[in-house]
Amino acid sequence: MIKSNRTDNDSAKMATSKGVIQGYTGVAAVDDRHQIIIEAQAHGTGSEQALLMPVVAAATPVCTLDTLITADAGYHSEANLKALAETHRPALIADNQMRQRDERFKDQATHKAQPDPLYDKAHPKKTAGHYRPKDFDYDPQAGTCICPAGKKLYQNGANCHHNGQVGTKFQGALRDCLPCTLREKCLRKPETTKTRQVMFFRGKADKTAVNYSEIMRRAIDSERGRQLYGKRFATVEPVFGNIRHNKGLDRFTLRGQTKVDTQWKLFCLVHNIEKLAHHGYAQ
């Protein structure tokens, strides 16, 4: 069965901090010296992983052999890392466990707001009988997973490695997990964990195959890697902040991928013109 939106077939469902919305993803490649946008694209997809290589390919004419590509964990996948390695493109792509491995963020949990200022500081009691992967309805052919509450989980990794095993990982949506009456039985820490994740293993990973994710982890965890990747936040995030807050593009106002892509490129163009003007090039 193919799902589509009646008024905009090019758009897609996307998981956000406020739940799942129907819309588009705007991506941009920015140079670190002047914060000029060198490539901008808007697509109707909930997976940023599929957008990395098209943007890299489009930005190739303005890159050199030494250009370092950095991207956040949303673009991390074994396929993307393999494609970058095969095309000899230097890159640092974070994975979703990067900060957990970085001792500089070891105390980050203490800065997170508790659900209740008078929350119980005692050690939580151990509970038993939580739902196991066998309690989920997993269809490997269709690539779908249904939780015990009857809700569909989102696939967020088709070739995930864990303890020498390879498998497919799924995660529940906020709109389904937060109000679910089965949270106590599904999550070990329902008071702090927002959504359930489950992984279905297919067997042992091929030890003779190149593990590009492991190579990237070693590179990004090195002292030099952390130094270089640390520049990403100061390079690209202010650009999105300028477009969203100062330019007022907090949502796309058009329908259809062509129109939305044009709107996104126009706002990025305005950002570039402003940058050039402030640097004296427009005089």
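Aspartate 261 sits at 14% relative accessibility in this predicted model, so it counts as buried, the cut-off being under 20%. Even so, aspartate 261 has a charged partner: it forms a salt bridge with lysine 265, and the closest N and O atoms are 2.7 Å apart. The two residues are four places apart in helix 9, so about one helical turn separates them. Lysine 265, at 35% relative accessibility, counts as partly exposed. Right next door in the sequence comes leucine 266, which also belongs to helix 9, a stretch covering residues 257-278. Leu266 joins Leu269 and Ile273 in making a nonpolar surface patch of about 290 Å².

The salt bridge in helix 9 has company, as the structure holds 10 salt bridges. Another one pairs arginine 218 with glutamate 214, at 3.7 Å from N to O. These two partners are four residues apart in helix 6 (residues 212-221), so here too about one helical turn lies between them. Arginine 218 counts as exposed, with 52% relative accessibility, while glutamate 214 is partly exposed at 30%.

Then there is the pair formed by arginine 226 and glutamate 103, whose side chains meet in a salt bridge of 3.1 Å, N to O. Arginine 226 is part of helix 7 (residues 223-229), and glutamate 103 belongs to the loop between helix 3 (98-101) and strand 7 (137-139), so this bridge ties together parts that are 123 residues apart in sequence. Arginine 226 counts as buried, with a relative accessibility of 18%. Salt bridges can also link up into a network, and that is the case for Asp95, Arg101 and Asp221.

Next, the nonpolar interior. The largest nonpolar core has 20 residues, and the members that touch the most others are Leu52, Tyr75, Leu84, Ile93, Ile220 and Tyr229. Several elements each supply at least two residues of this core: strand 3 (25-30), helix 1 (52-59), strand 5 (69-71), helix 2 (78-86), strand 6 (91-93) and helix 6. A second core, separate from this one, is made of 13 residues, among them Tyr24, Ala40, Leu249 and Cys268.

Isoleucine 93 gives a good look at the surroundings within the largest core. Setting aside neighbours within four places in sequence, isoleucine 93 is in contact with Leu52, Ile69, Thr70, Ala71, Asp72, Tyr75, His76, Leu81, Leu84, Met216 and Ile220. Leu52 and Tyr75 turn up again in the contacts of asparagine 80, which also include Gln49 and Met53, once neighbours within four places are left out. Asparagine 80 lies in helix 2 and is buried, with a relative accessible area of 8%.

What about cysteine 145, and which element is cysteine 145 found in? Cysteine 145 belongs to strand 8, which covers residues 144-146. Its relative accessible area is 0%, so cysteine 145 is buried. Not counting residues up to four places away in sequence, cysteine 145 touches Phe136, Asp137, Tyr138, Lys151, Lys152, Leu153, Phe170, Val198 and Phe200. Lysine 82 is another story: cysteine 145 and lysine 82 are 63 residues apart in sequence, and their C-alpha atoms are 27 Å apart in space.

Technical notes
Residues numbered from 1 in each chain as written. Predicted model: local features only at pLDDT ≥ 70, side-chain atom pairs only at ≥ 80, totals over all residues. Heavy atoms only, no water. Patch = residues over 30% accessible without salt bridge, like charges linked within 9 Å, V, L, I, M, F, W, Y side chains within 5 Å. Areas by Shrake-Rupley, 256 points an atom, 1.4 Å probe, with all protein chains shown as cover. Salt bridge = Lys/Arg side-chain N within 4 Å of Asp/Glu carboxyl O. Buried < 20%, exposed > 50% of the residue type's maximum accessible area, 1.4 Å probe, protein only. Core = buried A, V, L, I, M, F, W, Y, C linked by side-chain atoms within 4.5 Å. Contact = heavy atoms within 4.5 Å.
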